Amino acid sequence: MFALRTFYQSKDWCAFRERLIHERTDDNGEVICAHCGKPIYKKYDIIGHHIKELTEDNVNDALVAFNPDNVELIHFRCHNIKHQRYDGFRQYVYIVHGAPCAGKTTWVINNAYDDDLIVDMDRLWESVCFRGREDKPNRLKANVFGLRDCLIEQIKLRKGKWRNAYVIGMYPLASERDRLCEMLGARCIHIDTDKSVCLSRAVNDDWCGYIEDYFEAFTR
Ligand SMILES: [Zn+2]
Ligand SMILES: [Zn+2]
């Protein structure tokens with residue numbers, strides 16, 4: 001039995017989406033967006049969208065939930081446009097995860113609307129001390145994490161009028177991600193930039209260390 005809240009993180013859905021991506025990759029190795037007709041270059045930008053919308057009542061009906069004719073592959077950004085236009089009021093939550101320097105924040109900047117709710121650790125650090133981005137004083141850690149948890153609680157309760165919320169973080173461990181996804185009813189977006197690219201963007205040795213630590217934890 002599926003619950004709507006966790007459907008898009010279920011193993012069955014992820015496997016189904018993979019299958020559709022495989023079947024719909026053209027001779028140039030590209031998946032074409034069913035909304036705008038342009039190629040979708042990054043796999044994490046591909047959203048499987050149900051044409052007949054999934055609801056609590058039909059989420060266990062395979063003819064709706066797992067019917068290839070009912071699922072379009074479209075850009076994340078096109079998906080937002082579609083829902084912005086057709087939905088009644090519905091709130092969507094995304095966990096944007098990946099290595100340090102993978103481009104998570106950049107991806108959110110490119111996709112989020114001005115009135116979306118964004119939880120970004122770097123920004124939270126900057127909000128409590130002057131050099132938060134370069135320097136994260138250990139003594140403030142509990143306060144910054146407290147701020148994050150407070151926002152996560154608000155997202156969990158769907159407090160406020162935002163349409164989309166993005167939680168940006170490394171979350172290298174699948175168990176931790178799954179728990180957060182389930183709690184928030186979120187979809188995961190994995191910014192799966194290669195380690196070599198992340199390392200080339202690192203500003204100093206500390207950051208190279210964080211990247212190495214991430215990939216070690218991620219592949220464990
Ligand atoms: Zn598109
Ligand atoms: Zn959709």
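Two residues are taken to be in contact if their C-beta atoms, placed from the backbone, lie within 7 Å. The model is predicted, so to speak, on its own terms: local features need pLDDT of at least 70, side-chain atom pairs count only at pLDDT 80 or more, and totals for chains, interfaces and linings use all residues. Residues are numbered from 1 along each chain as its sequence is written, with chains lettered from A and ligands numbered from 1 in the order in which they are written.

Start with the overall build. The protein has 10 helices and eight strands, these being DSSP runs numbered from the N terminus (helices H or I, at least four residues; strands E, at least two). Its radius of gyration is 18 Å, close to the 17 Å that the globule rule gives for 220 residues, so the protein is as compact as a globular protein of that length. Here the radius is taken over C-alpha atoms, and the rule is 2.2 Å times the number of residues to the power 0.38. Some 21% of the 220 residues count as buried, meaning that 20 or more other C-beta atoms lie within 10 Å of the residue's own (12 or fewer is exposed, in between is partly exposed).

An automatic or database assignment splits the protein into domain 1 (1-89) and domain 2 (91-220). Their C-alpha centres sit 24 Å apart, and eight residues of domain 1 are in contact with 12 residues of domain 2. On the domain 1 side, α1 (4-7) and α4 (76-86) each give two or more residues, with α4 giving the most, three.

Now for the interior. The largest nonpolar core holds 26 residues, and Tyr94, Ile95, Val96, Ala99, Tyr166 and Val167 have the most contacts inside it. Such a core is a set of buried Ala, Val, Leu, Ile, Met, Phe, Trp, Tyr and Cys residues joined through C-beta atoms within 7 Å. Two or more residues each come from β5 (92-97), α5 (104-111), β7 (164-169), α8 (174-184) and α10 (205-219). Leaving out residues up to four places away in sequence, Ile95 touches Val167, Tyr171, Arg177, Leu180, Cys181, Ala186, Cys188 and Ile189.

Helix α5 has a clear inside and outside. Its buried residues are Lys104, Trp107 and Val108. They span an arc of only 95° around the axis, which puts them on the same side of α5; the arc is that of the directions from the helix axis to the C-beta atoms. Their cover includes β5, β6 (117-120) and β7, while the face turned away from the buried side carries the exposed Thr106, Ile109 and Asn110.
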